[in-house]
Amino acid sequence: MTAASVRTWLLRAWVTLVFGFLMLPVVVIALASFSRTSYLTVPPKGLTLAWFAKVLGDAEYVHAIVFSLLLALMATAGSVGAGVAASYALIRRRVAGAAGVAALLNAPLVFPGVVVGVALLQFYAMVHLNGTRLGLALAHMVITVPYVVRAVTASLQGIDPEIEHAARVLGASGPVAFFTVTLPLIRPGVVAGALFSFIVSFDNVPVSIFLLGAGQMTLPVKIFTAIEYGVDPSIAAISTMLIVLTGLGLAVAERWIGFHRFV
Amino acid sequence: MRSGSGWRLLAPALLLLAVAFVAPVGLMVPTSVRPYVPLVGITGGFTARHYTRLLTDSYYLEIIGRTLVLGLTVTGATLLLGYPVAFFLARTRSRWRNWLTILVVFPLMLNLVVRTFGWIALLAQNGLVNQALQAMGLVDGPVKLLFNFAGLLIGLTHIFLPFMVLVLIGAIQNIPRDVEDAARVLGASWGGAFLRVTLPLSAPGILSGSILVFVLTISALVTPRLLGGPTYQVMSTLIYDEFLQRLNWPAGSAQSLLLTAMVLALIYVSGRLARRTGASA
C-alpha cells in the first residue's frame with residue numbers, strides 16, 4: 001500500500017467511527033423500544049410493540065403531542081410572517097442602523113435559552129401573561145424568528161433585485177410584485193426557515209419549561225420530566241417515533257429544497 | 001431604495017422582540033440587585049450581594065469553573081473528532097456526499113431530550129458502555145459515567161459535534177485545492193502541506209466553530225440536567241434551580257446576567273479576532 005492509500009483508509013476509518021458515535025444513541029433507543037422487559041436493555045429481550053401502544057394510548061402523551069404541534073404551527077406562522085418582512089426590509093430597503101437591527105433579530109439565538117426562559121417567567125408574572133397560550137406562543141416566536149431571518153436573507157441576497165423592478169415597471173403593484181415574483185424565487189429559503197422554526201419550537205425545553213401553565217404540557221418537556229422520574233421503554237418508544245418522523249422529514253426536505261445548503 | 005416602508009416591514013419583528021425579549025431580559029437587571037429574604041421573598045432596597053457571592057463564594061466559583069472547563073473540553077473534543085470528518089466531507093467526490101452531510105445534520109434536527117435519553121441508556125451503571133467495558137475485561141466493576149464530568153463531556157460532545165463539523169466543512173471548502181497541490185509540487189510532504197497550508201487556512205473556521213461550541217456548551221440546560229442530575233451542577237442548571245426550586249429570583253437573575261455577559265464577551269472577542277485576521281467568522 002502506498003502512503004496515500006493508507007491515509008485514505010485511515011481517514012475513512014475515522015469518519016466511520018465518528019458517524020458510529022453520532023448514531024449510537026439513536027440506534028440504542030430504537031432497539032430498546034421493542035424490548036419486552038420493563039427496563040431498558042439492548043439488544044432487546046423479546047420483541048413487542050406494547051410500549052408504542054402504551055404511549056399512543058396515554059392521554060397525557062397524546063395531549064402533549066397535539067399541544068406541541070399546535071404551538072409549533074403558531075410559532076412558525078408568526079415568525080415566518082415577521083421574519084420574511086424583516087429580511088426583505090433589511091436586504092431591499094435602506095434602513096438606518098440595519099446592522100444593529102440584524103444583530104437584535106439574531107440576539108435570541110445568541111442568549112442562553114435558560115436566560116430567555118427565566119427572563120420571560122419573571123416578565124410574564126409582572127404583566128399577567130403567565131400560563132397563557134399567547135405568552136408561550138410569543139416566546140416561541142422570539143426564539144424561532146432568527147432562523148427565518150437567516151435563511152430568508154441568504155435567499156434574498158442570491159436574487160437580482162432587478163427582477164422585481166422589472167415587474168414593477170411592467171405595472172405590478174409592490175405587493176403583487178413581491179408575492180408573484182420575489183416570494184416564489186426565495187421559496188427554498190422561506191421553506192427552510194419555516195422548517196427550522198417548526199423544529200426549534202417543537203424541540204424547545206429551556207424556554208417552555210418555565211412558562212407552561214396548569215394543564216399545558218409540550219412533548220419534549222413531558223419526556224424531560226418523565227426521564228427525571230425514571231427511565232422505562234415507553235420513553236424509548238415515543239423517542240423512536242420522533243426519530244422516524246425526523247428522519248423522514250429531513251429526507252423529504254433534502255429532496256425538495258436541498259436542505260443541506262441551509263444548515 | 002425607499003426608506004419609509006423599511007421600518008413598517010420591520011415593525012412586527014421589532015415589536016415582538018421588544019415585548020418578549022428586550023423588556024424581559026432588561027428587567028432582570030433591577031431584579032438582580034434586590035435583596036432576597038428566605039420565606040419572605042424579594043424585598044425593596046439595593047444590594048450587590050448576589051454578585052459578590054457569585055464571584056467570591058467557593059460553591060459558586062466551583063460551578064463557574066466547572067462550566068468553563070467543560071466548555072473548553074467539549075470544544076477540544078468536537079474539534080478533534082470533527083476536523084477529519086469535515087475534511088473528508090469537504091473533499092470527497094462521492095455521490096453520497098449530500099446524504100452523508102444530511103446524516104451529520106440528522107442528530108441536530110432530532111429532539112435534544114431524545115438524544116440525551118440515548119446517552120442515559122448507554123452510560124448507566126448497567127448500561128451498554130459498562131457492559132461492553134466489562135465484557136472486554138477492561139474494567140472489573142461498573143464505571144461511574146453519569147452524574148459526573150465524564151457523562152457531561154460525552155453527552156455534550158455528541159450533541160454539539162454536528163455544529164463543529166458543519167462550520168468546518170464550510171471553511172475547508174473555501175480553501176482552493178490548488179494551494180495544497182502547489183505546496184506538494186514545491187516539495188512539501190502531505191503532512192507538511194496539511195500543517196503549513198490547509199490547517200492555517202482553515203483557522204477562521206476552527207475559531208468560529210470553537211466559539212460556537214463553547215458558547216452552546218456553557219449555555220446548555222437539558223443535557224447537563226439529565227446527565228448531571230440535580231447534584232452535579234453547571235451554571236445553567238444552577239439558574240434553573242434558583243428560579244424553580246429555591247425561588248431566589250434576584251440571585252438567579254445575577255447568575256443569568258453573568259452567564260449572558262460571558263457569552264457576549266466571547267462572541268465580541270472572537271469577532272474582533274476574526275476581523276484582525278481578515279477572516280469572516
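Select chain A to begin: of its 263 residues, 53% count as buried. Keep in mind throughout that this is a predicted model.

**Stop 1: chain A as a whole**

Colour chain A by secondary structure. You will find 12 helices and zero strands. Read along the sequence, the pattern is α-α-α-α-α-α-α-α-α-α-α-α. Now show just the C-alpha trace. Along its principal axes, the trace of chain A spans about 70 × 70 × 30 Å. Next, think about which residues touch. Take the contacts in chain A between residues at least 6 apart in sequence: 70% of these join residues at least 24 apart.

**Stop 2: a serine in helix α3**

Select Ser87(A). Helix α3 of chain A, residues 59-92, holds this serine. Is Ser87(A) buried or exposed? Its relative accessibility is 0%, so Ser87(A) counts as buried, since the cut-off for buried is under 20%. Follow the side chain of Ser87(A) to the backbone oxygen of Gly83(A), 2.6 Å away. Then look for partners further along the sequence. Leaving aside neighbours within four places, Ser87(A) is in contact with Val148(A), Val149(A), Val152(A), Thr153(A) and Leu156(A).

**Stop 3: two rings inside chain A**

Stay in helix α3 of chain A and select Tyr88(A). Add Phe178(A), in helix α8 (residues 174-185) of chain A. These two residues are 90 apart, and their pair links distant parts of the chain. How are the planes of the two rings of Tyr88(A) and Phe178(A) set? They stand at 80°, with the ring centres 5.1 Å apart, so the pair is edge-to-face. Tyr88(A) is buried, with a relative accessible area of 7%. Phe178(A) counts as buried too, at 13% relative accessibility.

**Stop 4: a loop in chain A**

Move to the loop between α5 (113-127) and α6 (133-157) of chain A and select His128(A). This histidine is exposed, with a relative accessible area of 64%. Check the backbone here: phi of His128(A) is near 60°, a positive value in a residue other than glycine. Most residues other than glycine have a negative phi.

**Stop 5: a loop in chain B**

Now go to chain B and select Phe147(B), in the loop between α7 (128-135) and α8. Phi of Phe147(B) is also positive, near 60°. How much of this residue is open? Phe147(B) is partly exposed, with a relative accessible area of 38%.

**Stop 6: where the chains meet**

Show both chains. The contact takes 81 residues from chain B and 82 residues from chain A. Between them the two chains bury about 7500 Å², 84% of it on carbon and sulfur atoms. Highlight Phe21(B), Met109(B) and Phe117(B): in chain B, these lose the most area to chain A, together 10% of what that side buries.

Which polar links cross over? The count of salt bridges between chain B and chain A is one. Select the side chains of Arg225(B) and Glu228(A) to see a salt bridge, 3.2 Å from N to O. Across the interface, six residue pairs are in polar contact.

Then select helix α1 of chain B, residues 4-26. With 17 residues, helix α1 gives the most to the side of chain B that touches chain A. That side divides into 61 nonpolar residues, 16 polar and four charged.

**Stop 7: rings across the interface**

Over all chains, the structure holds 15 aromatic pairs. Zoom in on Phe21(A) and Trp119(B). Their ring centres are 5.6 Å apart and their planes lie at 50°, so the pair is tilted. This pair crosses between chains, from helix α1 (residues 3-32) of chain A to helix α6 (residues 112-123) of chain B. Both Phe21(A) and Trp119(B) are buried.

Keep these two rings on screen and add Ile154(B), from helix α8 (residues 149-173) of chain B. What does Ile154(B) touch, not counting residues up to four places away in sequence? The answer is Phe21(A), Trp119(B) and Leu123(B). Ile154(B) and Leu123(B) are 31 residues apart in sequence and 9.3 Å apart in space, C-alpha to C-alpha. Ile154(B) is partly exposed, at 25% relative accessible area.

**Last stop: a ring cluster**

Finish in chain B. Select Tyr83(B), Phe87(B), Trp190(B) and Phe194(B), which ring pairs link into a cluster.

Methods
Residues are numbered from 1 along each chain as its sequence is written. Chains are lettered from A and ligands numbered from 1 in the order in which they are written. Side-chain values use heavy atoms; hydrogens and water are left out. Contact means heavy atoms within 4.5 Å. Buried area is the accessible area (1.4 Å probe) that two parts lose on being put together, summed over both. A salt bridge is a side-chain nitrogen of Lys or Arg within 4 Å of a carboxyl oxygen of Asp or Glu. A polar contact is a pair of N or O atoms within 3.5 Å; within protein, one must be able to donate a hydrogen and the other to accept it, and residues adjacent in sequence count only if both atoms are side-chain atoms. Helices (H or I, at least four residues) and strands (E, at least two) are DSSP runs, numbered from the N terminus. Ala, Val, Leu, Ile, Met, Phe, Trp, Tyr, Cys and Pro count as nonpolar, Asp, Glu, Lys and Arg as charged, and the others, Gly among them, as polar. Buried means under 20% relative accessible area, exposed over 50%, partly exposed in between (1.4 Å probe, protein chains only). Rings of Phe, Tyr and Trp (its six-membered ring) pair if their centres lie within 6.5 Å; planes under 30 degrees apart count as stacked, over 60 as edge-to-face and the rest as tilted.
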